[in-house]
Amino acid sequence: MPQSFFDRLRDRIDRVDSVVSVGLDPDLSRIPDHLREKDLPRWAFNRRIIDETHEHAACYKPNAAFYEDAEGWRSLRETIAYAHGKDVPVLLDAKRADIGNTTRKYAALLDEADAITVNPYMGRDSLQPFLDRSEKGVFILCRTSNPGGSDLQDLELSSGEAVYERVAALADLWNEHGNVGLVVGATAPEELESLREQVPDLPFLVPGIGAQGGDAEAAVEYGLADGVGLVNSSRGIIFAGEDAGESFAKVSGQAARKLKTRLNRHREATE
Ligand SMILES: O=C(O)c1cc(=O)[nH]c(=O)n1[C@@H]1O[C@H](COP(=O)(O)O)[C@@H](O)[C@H]1O
């Protein structure tokens, strides 16, 4: 049987001593001028970022939104293969799900990526084709980091639980293959804490530190399940060297190292 995503992630976390997820969101308007002339500018950018950050990366998380055009999809494919060449798993942040017939097509995204983010709004059948890929990771949006995350997710149900708590309970139920995690934003530290108590075995992907100002300490303290989980930063790493011209990727490498060290201080404190 192939190793599960979370076993592979644990190996990677141990090998690089890092829970940093490096978000590859290569906004074309922000990548350095000298790369914009390239055939595949986003791939050229990501390759340099990967070269400088991979020693600190537990995984890479490209967000599909930054690749949804012809050049973008080619760049994404190259990026995934290159990350794999460096032995780093790739979590595709796609936030997909649809009726069964459609979502079966979406699940093909997992042919190349090692894990994916999905949206629980349409219920179990809309996620089943992802969940059935037992060797791949499936991170279900639970309590998101954006300001509007509370609009629906915090609503109280007649049972007394909040919608995001119900999502966590369902995710736990749907975790028949041990391949399910939750997405919980670092901007919601109280929810992070209560969710960790509610579902102690589910690893979290925690975005929202860096550019969104979330709580890195809470991300580490509550994001990890038996040491496994991911704390993501995208713009805070990949655009750290925005003013450094051709040395931009070196600065990203330093930013990734710095974040790793900072998170590791919290990891040691919570062990
Ligand atoms: O699923 C995600 O990764 C995600 C969920 C969430 O609640 N908040 C959130 O910011 N994200 C993603 O995480 C990344 C955060 O980027 P930065 O704010 O630049 O670090 C983006 O790709 C977001 O789409």
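1. A crossover is termed right-handed if, with the strands pointing away from the viewer, the path from the first strand over the helix to the second runs clockwise. In this predicted model, strand β3 (residues 91-96), helix α4 (residues 100-106) and strand β4 form a β-α-β unit of that right-handed kind.

2. Strands β3 and β4 are paired in the parallel sense, with 3 bridges between them. Within this pairing, Leu92 lies opposite Ile116 of β4.

3. Strand β4 is also joined to strand β5 (residues 137-143), the two running parallel with 4 bridges. Here Val118 has Ile140 of β5 as its bridge partner. The connection from β4 to β5 passes through helix α5 (residues 124-131), and this β-α-β crossover is likewise right-handed.

4. Side chains in a regular strand alternate between the two faces of the sheet. In β4 (residues 115-118), Ala115 and Thr117 point one way, whereas Ile116 and Val118 point the other way. All of these residues are buried.

5. The ligand is surrounded by 20 residues, of which Asn63, Thr144, Pro207, Ser234 and Arg235 come nearest. Two elements, β8 (230-233) and α10 (235-238), each give two or more residues to this shell. By class, the shell comprises 14 polar, 3 nonpolar and 3 charged residues.

6. An unreviewed UniProt entry annotates residues 19-248 as "domain: Orotidine 5'-phosphate decarboxylase". In the model, this span is 37% helix and 17% strand, and its end C-alpha atoms are 23 Å apart.

Methods:
Residues numbered from 1 in each chain as written. Predicted model: local features only at pLDDT ≥ 70, side-chain atom pairs only at ≥ 80, totals over all residues. Near = placed C-beta within 6 Å. Nonpolar A, V, L, I, M, F, W, Y, C, P; charged D, E, K, R; others polar. UniProt positions renumbered as here; feature names shortened; annotations may be inferred. Buried ≥ 20, exposed ≤ 12 C-beta atoms within 10 Å, placed from the backbone. Pairing = 2+ DSSP bridges.
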